[in-house]
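Reader: I would like to go through this protein with you. Could we begin with its interior?

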Amino acid sequence: MQEPRCLKCGKEISKEDQEYCGDCLLHPKHYIRGFPLFTYTDPIRDGIQAFKYHNRREYAQFYGEALMEVFGTDFRALKLDGILPVPLHHRRFRRRGYNQAELLAVELGRRLEVPVYSGLLVRVADTIPQKELNDRERLENLKRAFHLSKNKVKLKRLLLVDDIYTTGATIEACTQVLLQAGIEEVFYTSVCIGKGFVDQM
């Protein structure tokens, strides 16, 4: 990805004097900052689809290494207490056999020496796939979709990990659950980020 980037979600923006993308201006986010690696375009799309749907689990190592190469210094500066993969609903997990976000989170946790809490955040609703919805429908689709499992570990600064960030609805839903549970600061990273539904301003 090229500069300039949105100071909130990390998406490429067109004007150097612009701080935030249209999506973040119209739909304020509760996480602190995002660290996406690529824009979701070809050929990145093909790799992500293979990683997500075609059992190319080994891609997690490549993506983890690439994220660390670009953002390793930033991640370490955050002084993270933990890393959380965005969870899959248990039915979808059984169908796929793995959670690609969890594989990626484990790679980052190993390289950063930060614990990964895979069971902390639970997806309690098997929602309609986000790719089939518009931006407003995505937000509604994810309301009450996530739940924080009983947790005795007191965490303050967490990094959410997902494969794709489109409009941010999934990360925002997870963030709100975490903040309500007493987490102080939430950041996110993803392999790629979409262009969103709002035109660049």
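**The nonpolar interior**

Author: In this predicted model, the largest nonpolar core has 26 residues. Those with the most contacts inside this core are Ile48, Leu67, Phe75, Ile83, Leu108, Leu159 and Val161.

Reader: Which elements give two or more residues to this core?

Author: They are strand E1 (34-39), helix H2 (44-53), helix H3 (59-77), helix H5 (100-112), strand E5 (157-165) and strand E6 (185-193).

Reader: And which gives the most?

Author: H3 does, with seven residues.

Reader: What does Leu159 touch, leaving aside residues up to four places away in sequence?

Author: Leu159 is in contact with Phe75, Leu80, Gly82, Ile83, Leu84, Phe187, Tyr188 and Thr189.

Reader: What other core lies apart from the largest one?

Author: Another core, of 25 residues, lies apart from it; Cys9, Val86, Leu120 and Val186 are among its members.

Reader: Turning to the fold, how many helices and strands are there?

Author: The protein chain has seven helices and six strands. Their order from the N terminus is α-β-α-α-β-α-α-β-α-β-β-α-β.

Reader: What share of the contacts joins residues at least 24 apart?

Author: Counting contacts between residues at least 6 apart in sequence, 75% join residues at least 24 apart.

Reader: Finally, how much of the chain is buried, and what is its accessible surface?

Author: Of the 201 residues, 50% are buried. The accessible surface comes to about 10,600 Å², and carbon and sulfur atoms account for 49% of that surface.

Notes. Residues numbered from 1 in each chain as written. Predicted model: local features only at pLDDT ≥ 70, side-chain atom pairs only at ≥ 80, totals over all residues. Heavy atoms only, no water. Helix = DSSP H or I, 4+ residues; strand = E, 2+ residues; numbered from the N terminus. Buried < 20%, exposed > 50% of the residue type's maximum accessible area, 1.4 Å probe, protein only. Contact = heavy atoms within 4.5 Å. Areas by Shrake-Rupley, 256 points an atom, 1.4 Å probe, with all protein chains shown as cover. Core = buried A, V, L, I, M, F, W, Y, C linked by side-chain atoms within 4.5 Å.
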